[in-house]
Structures are given as structure tokens and as C-alpha cells.
Amino acid sequence: KIKNVFCLPGVPSILKSMIDNCDKFISKGTKVESKTINLVTVESNISKELELIQNRYLSKVDIGSYPFFRLGKVGVSLVLRAQDLIELNKCQEEIKKNIIKKKKIKEFKR
């Protein structure tokens, strides 16, 4: 262990014998829940509505938007992260109600 970096071997059997010793140096934080909503649209089509939702959940839910091109479709993945699962679910429902339903946007399904 060098400061906050663990230098571990790549050989599985040696790693296995050393990994248990690392536990005493690692402290667990609060679990962060995550949900992803994949939409067949572009960011500019949802930016105003998404900004309003983000402002309502500013200190409770982090929202990231990531453009994609998959299976011939252009879209955006909305990634929601929060420590509070209830707030995360509320935010997800608000996105479904105020963006997906109102704008008639399809969710990307594989």
C-alpha cells in the first residue's frame, strides 16, 4: 500500500492470499444507487425539460446525459445516481412523465 493506492499481483492465487489483508485499510461509503434510461432522441430535444428536473433534484440526484449511436439509432442515455432510492425513483418517474410521455419519445430497447 502506497498512500491510498494498493499494488497487487496479477497472479490470481497470490492476489487471493493478499486481498483479505486490504479490508482493514478500506472504509465503505454510502451505497450509491443508479438507474439508466435510454431514449431514442437527441440531447437538444430534452435539454430544457431535463434542466428543470435536475434543478428540482439538485442536491438529491445526479443526472448525466450521454449521447449514443447503437444499432443504427441515435439516442441519449440518462444516468441517474443517488444515495436515496426513493428520490431516485421519484426522479425517474418525473423523467418518464415530463419527458418521455409528453414528448412521445421512445425508450431504446435492445
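## Helix α3 and its salt bridges

Biologist: How far does helix α3 (residues 85-103) reach from its first C-alpha to its last?

Modeller: It's a predicted model, so to speak up front: local features need pLDDT of at least 70, side-chain atom pairs count only at pLDDT 80 or more, and totals for chains, interfaces and linings use all residues. Residues are numbered from 1 along each chain as its sequence is written, and side-chain values use heavy atoms, leaving out hydrogens and water. Helices are DSSP runs of H or I (at least four residues), strands runs of E (at least two), numbered from the N terminus. With 19 residues, α3 is expected to span 27 Å (1.5 Å times one less than its number of residues), and its reach is close to that, at 26 Å.

Biologist: Where is the kink in α3 centred?

Modeller: The bend is the angle between axes fitted to the seven residues ending at a residue and the seven starting there. In α3 there's a kink of about 30°, centred on lysine 96.

Biologist: Which helix does arginine 56, the salt-bridge partner of glutamate 94, lie in?

Modeller: Their side chains meet at 2.3 Å, N to O, in a salt bridge (Lys or Arg side-chain nitrogen within 4 Å of an Asp or Glu carboxyl oxygen). Glutamate 94 sits in α3, so the pair ties together parts 38 residues apart in sequence, with arginine 56 in helix α2.

Biologist: Is glutamate 94 buried or exposed?

Modeller: Buried means under 20% relative accessible area, exposed over 50%, partly exposed in between (1.4 Å probe, protein chains only). Arginine 56 is partly exposed at 47%. Glutamate 94, at 14%, counts as buried.
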